[in-house]
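I set out to record how the helices of this protein pack and where a few chosen residues sit. The entries follow in the order in which I looked things up.

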Amino acid sequence: MLTATYSLLAIRSEQKNVCSILARLRGHVQSTRRQEECVDALGLASILSQLQQFDRYFHARKIERYVIPAVCCTTNEADLLVDKLEILSSAARRSLASLQQHVQVSEVTGDHPTFCAVAEQYCDAMLARLVKEEESLMSLIGEVLTREDLFALGARFLADDGNKYTSRRVAPPLVPLAPTMPGERTATY
């Protein structure tokens, strides 16, 4: 029973954490857009790197690695939902690919507002995915997964948490606490 409860708490905690990181990333992108004269190609590359790191962290979540497959194995009701989640992830990946191309040519074009707009599109797609997970997937978990299923997930989560000390894990991105000026250092968390 405790392991089953742990699995639900771990999912909720992970969702809350990823939402918080995404909100900070989006705020950083918006701040960069407002201060475009202070942002150079290196600054854009830094934002891209943070978004890519967030994307790796997002897709390494327990909900993605364990919960969605468990729900899919339990019911066919999840197929349409998983398709919708994948469409949102694909849109985000296209945004990341566009940002990467933009960074490669940004020294020539200097089109920072376009970069920031595409970065915001990435954040919007990921936020839409999180909302869809929260609205649809979380309720489906309660409907289709039994206590035994939740216990099995909890056991996998605990094993996964134990392994984080013995193997390299995907760490959440470090997001600046305040906008940066060229040459200025800021704290991150």
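**Entry 1: Gln-15.** I looked up Gln-15 and found it in helix α1, which covers residues 2-34. The model is a predicted one, and I read every value below with that in mind. Is Gln-15 buried or exposed? Its relative accessible area is 3%, so I entered Gln-15 as buried. I then listed its neighbours, leaving out residues up to four places away in sequence: Gln-15 touches Arg-61, Ile-63, Leu-130, Glu-133 and Glu-134.

**Entry 2: His-28.** I next turned to His-28, which is also placed in helix α1. Its relative accessibility is 9%, and I therefore counted His-28 as buried. I checked one pair here: His-28 and Ile-47 are separated by 19 residues in sequence, and their C-alpha atoms are 8.3 Å apart.

**Entry 3: Phe-54.** I located Phe-54 in helix α2, residues 41-59. With a relative accessible area of 0%, Phe-54 is buried. I paired Phe-54 with Leu-25; the two are 29 residues apart in sequence, while the C-alpha to C-alpha distance is 8.8 Å.

**Entry 4: α2 against α5.** I examined how α2 packs on α5 and noted an angle of about 15 degrees, with the axes 11 Å apart. Angles under 35 degrees count as roughly parallel, so I described α2 as roughly parallel to α5. The crossing of α2 past α5 is left-handed. Which residues make this contact? From α2 I listed Leu-44, Ile-47, Leu-48, Leu-51, Phe-54, Asp-55, Phe-58 and His-59. From α5 I listed His-112, Phe-115, Ala-119, Tyr-122, Cys-123, Met-126, Arg-129, Leu-130 and Glu-133. Sorted by type, the residues of the α2 contact with α5 are 12 nonpolar, two polar and three charged. I noted that Phe-54, the subject of Entry 3, is among the α2 residues in this contact.

**Entry 5: α3 against α5.** I then took helix α3 (residues 62-74) with helix α5 (residues 112-144) and found that they pack at about 50 degrees, their axes being 11 Å apart. That angle makes α3 oblique to α5. The crossing of these two helices is left-handed. On the α3 side I recorded Ile-63, Glu-64, Val-67, Ile-68, Val-71 and Thr-74. On the α5 side I recorded Arg-129, Glu-133, Leu-137, Met-138, Leu-140, Ile-141 and Val-144. The contact of α3 with α5 comprises nine nonpolar residues, one polar residue and three charged residues. Two of its members, Ile-63 of α3 and Glu-133 of α5, I had already listed as touching Gln-15.

**Entry 6: α3 against α6.** For α3 and helix α6 (residues 147-163), I found axes that come within 11 Å and cross at roughly 160 degrees. Angles over 145 degrees count as roughly antiparallel, and α3 and α6 are therefore roughly antiparallel to each other. I noted the crossing of α3 past α6 as right-handed. Lys-62, Arg-65, Tyr-66, Val-67, Ala-70 and Thr-74 of α3 meet Asp-149, Leu-153, Arg-156, Phe-157, Asp-160 and Asp-161 of α6. By type, I counted this contact of α3 with α6 as five nonpolar, one polar and six charged residues. Val-67 and Thr-74 are listed for α3 here and also in the contact with α5.

**Entry 7: Cysteines.** How many disulfides does the structure hold? I found zero. Cys-72 is in no disulfide, and the nearest cysteine sulfur, that of Cys-73, lies 7.0 Å away. I entered Cys-72 as partly exposed because its relative accessibility is 27%. Cys-123 has a relative accessibility of 1%, so I counted Cys-123 as buried. Cys-123 is one of the α5 residues that I had listed in the contact with α2.

**Entry 8: The whole protein.** Last, I surveyed the protein as a whole and found six helices and zero strands. Along the sequence the pattern is α-α-α-α-α-α. Of its 189 residues, 39% count as buried. I also looked up contacts between residues at least 6 apart in sequence, and 81% of them join residues at least 24 apart.

How values were computed:
Residues numbered from 1 in each chain as written. Predicted model: local features only at pLDDT ≥ 70, side-chain atom pairs only at ≥ 80, totals over all residues. Heavy atoms only, no water. Axes fitted to C-alpha atoms, helices over the stretch in contact; angles between N-to-C directions. Helix = DSSP H or I, 4+ residues; strand = E, 2+ residues; numbered from the N terminus. Parallel < 35°, antiparallel > 145°, perpendicular 65-115°, else oblique. Left-handed = near helix turned anticlockwise from the far one by under 90°. Contact = heavy atoms within 4.5 Å. Nonpolar A, V, L, I, M, F, W, Y, C, P; charged D, E, K, R; others polar. Buried < 20%, exposed > 50% of the residue type's maximum accessible area, 1.4 Å probe, protein only. Disulfide = S-S within 2.5 Å.
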